[in-house]
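Biologist: I am new to this structure and would be grateful for a close look at a single part of it. Please begin with one residue and work outwards from there.

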Amino acid sequence: MCGRPAILLMLRGRRAAVDQVVPVQKHDLLFMKHFAQVIAGLVTLTVLLIISAWIINARVSPNEDSPARIAQIEARIAPVAAVYAGDTGRSAMLAAQEAARAATAIKVAFDGALDGALIYERVCAACHLTGAGGAPAPTAAAWAPRRAKGLDLLVTHAIEGFRGEAGLMPAKGGRPDLTDEQVRVTVEYMLDKYK
Ligand code: HEC
């Protein structure tokens, strides 16, 4: 029952003793020392971060004056349209038109070659050499009934595509970049070959 006050008294007495042995000033000095160490550490860390940010920035962001960057900027700020004036303007306009036409022109297959044998081998033979999908096989017998339809109709069917009883002949054999004339010489070549 009377033990509690005794303990409190003891504790109080010990605290008083510690206060006497370790002066408050020493505590403060220790704290100041640690605090200064922490601050110094943080300052060093900050400087290190600044330096590394510098280095990374120099590496990552390209030089402002590099030709590639200047070209990029010029493309970004280029006017949407330009005014062509005088003789130089006219030739510049014609050059621009020519470039636009070249860019949009469909490239003709085999550079427009009117070579039935070449086109047959590269395009038509895929089906017609084996008779795949019902294509008339490379024999005179297979072609006799087709020949009877007449060259013009066969050419029309080859150009526009044709679904017969045997299967589907895709338009221009699936090569829309062939000209009509190229298809015609190829049909002529095939009719000639399988006489
Ligand atoms: C994907 C396969 C395939 C390719 C490639 C192909 N053909 Fe055919 N062709 C067929 C088939 C299948 C038929 C038969 C259609 C039918 O009569 O049912 C056919 C039929 C034809 C006929 C006969 C049409 C008729 O009216 O009887 C001609 C001519 C012909 N092809 C020409 C060509 C030419 C020229 C090429 C190349 C530029 C070509 N074909 C490429 C599948 C092909």
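Leaving aside neighbours within four places in sequence, which residues is Tyr120 in contact with?

Modeller: It should be said at the outset that this is a predicted model. Once the neighbours within four places in sequence are set aside, the contacts of Tyr120 are Ala125, Thr186, Tyr189 and Met190. Tyr120 is one of the buried residues of helix H5, and H5 runs from 116 to 128. Thr186, Tyr189 and Met190, which Tyr120 contacts, fall within the range of helix H8, 180-193. These contacts belong to a wider arrangement, for the buried residues of H5 pack against H8.

The buried set of H5 deserves to be given in full. Besides Tyr120, it consists of Gly116, Ile119, Val123, Cys124, Cys127 and His128. Several of these names return in the largest nonpolar core, which has 13 residues. Ile119, Tyr120 and Cys124 are among the residues with the most contacts inside that core, together with Ala158, Val183 and Val187. At least two residues of the core come from each of H5, H7 and H8. H5 gives the most, with five residues. As a general background, nonpolar side chains in soluble globular proteins tend to be buried together.

The form of H5 also calls for comment. A straight helix of 13 residues would span 18 Å at 1.5 Å a residue, yet the end C-alpha atoms of H5 span only 14 Å. H5 also has a kink of about 50°, and this kink is centred on Arg122.

Helix H4, at 86-104, offers a contrast. The 19 residues of H4 should span 27 Å at 1.5 Å a residue, and the distance between its end C-alpha atoms agrees, because they are 27 Å apart. None of these 19 residues is buried, so H4 lies largely in the open. In the loop between H4 and H5 one finds Asp111. Asp111 is not a glycine, although its phi is positive, at about 50°. Asp111 counts as exposed because it has 6 C-beta neighbours inside 10 Å.

H5 has a further place in the model, beside the ligand. The shell around the ligand holds 29 residues, of which Cys124, Cys127, Gly164, Met169 and Gly173 are the closest. The elements that give two or more residues to this shell are H5, helix H7 (151-160), strand E2 (168-169) and H8. The largest share, six residues, comes from H5. Cys124 thus appears both among the closest residues to the ligand and among those with the most contacts in the core. By class, the shell consists of 16 nonpolar, nine polar and four charged residues.

Lys172 lies in the loop between E2 and H8. Lys172 has a positive phi, near 55°, in a residue other than glycine. Is Lys172 buried or exposed? Lys172 is buried, because 22 other C-beta atoms lie within 10 Å.

Finally, the setting of this part within the chain may be described. The chain has eight helices and two strands, and along the sequence they follow the pattern α-α-α-α-α-α-α-β-β-α. Of its 195 residues, 11% count as buried. Among contacts between residues at least 6 apart in sequence, 62% join residues at least 24 apart. The packing of the buried residues of H5 against H8 is the part of this picture with which the account began.

Methods. Residues numbered from 1 in each chain as written. Predicted model: local features only at pLDDT ≥ 70, side-chain atom pairs only at ≥ 80, totals over all residues. Near = placed C-beta within 6 Å. Helix = DSSP H or I, 4+ residues; strand = E, 2+ residues; numbered from the N terminus. Nonpolar A, V, L, I, M, F, W, Y, C, P; charged D, E, K, R; others polar. Expected span 1.5 Å × (residues − 1). Bend = angle between axes of the 7 residues up to and from the residue. Buried ≥ 20, exposed ≤ 12 C-beta atoms within 10 Å, placed from the backbone. Contact = placed C-beta atoms within 7 Å. Core = buried A, V, L, I, M, F, W, Y, C linked by C-beta atoms within 7 Å.
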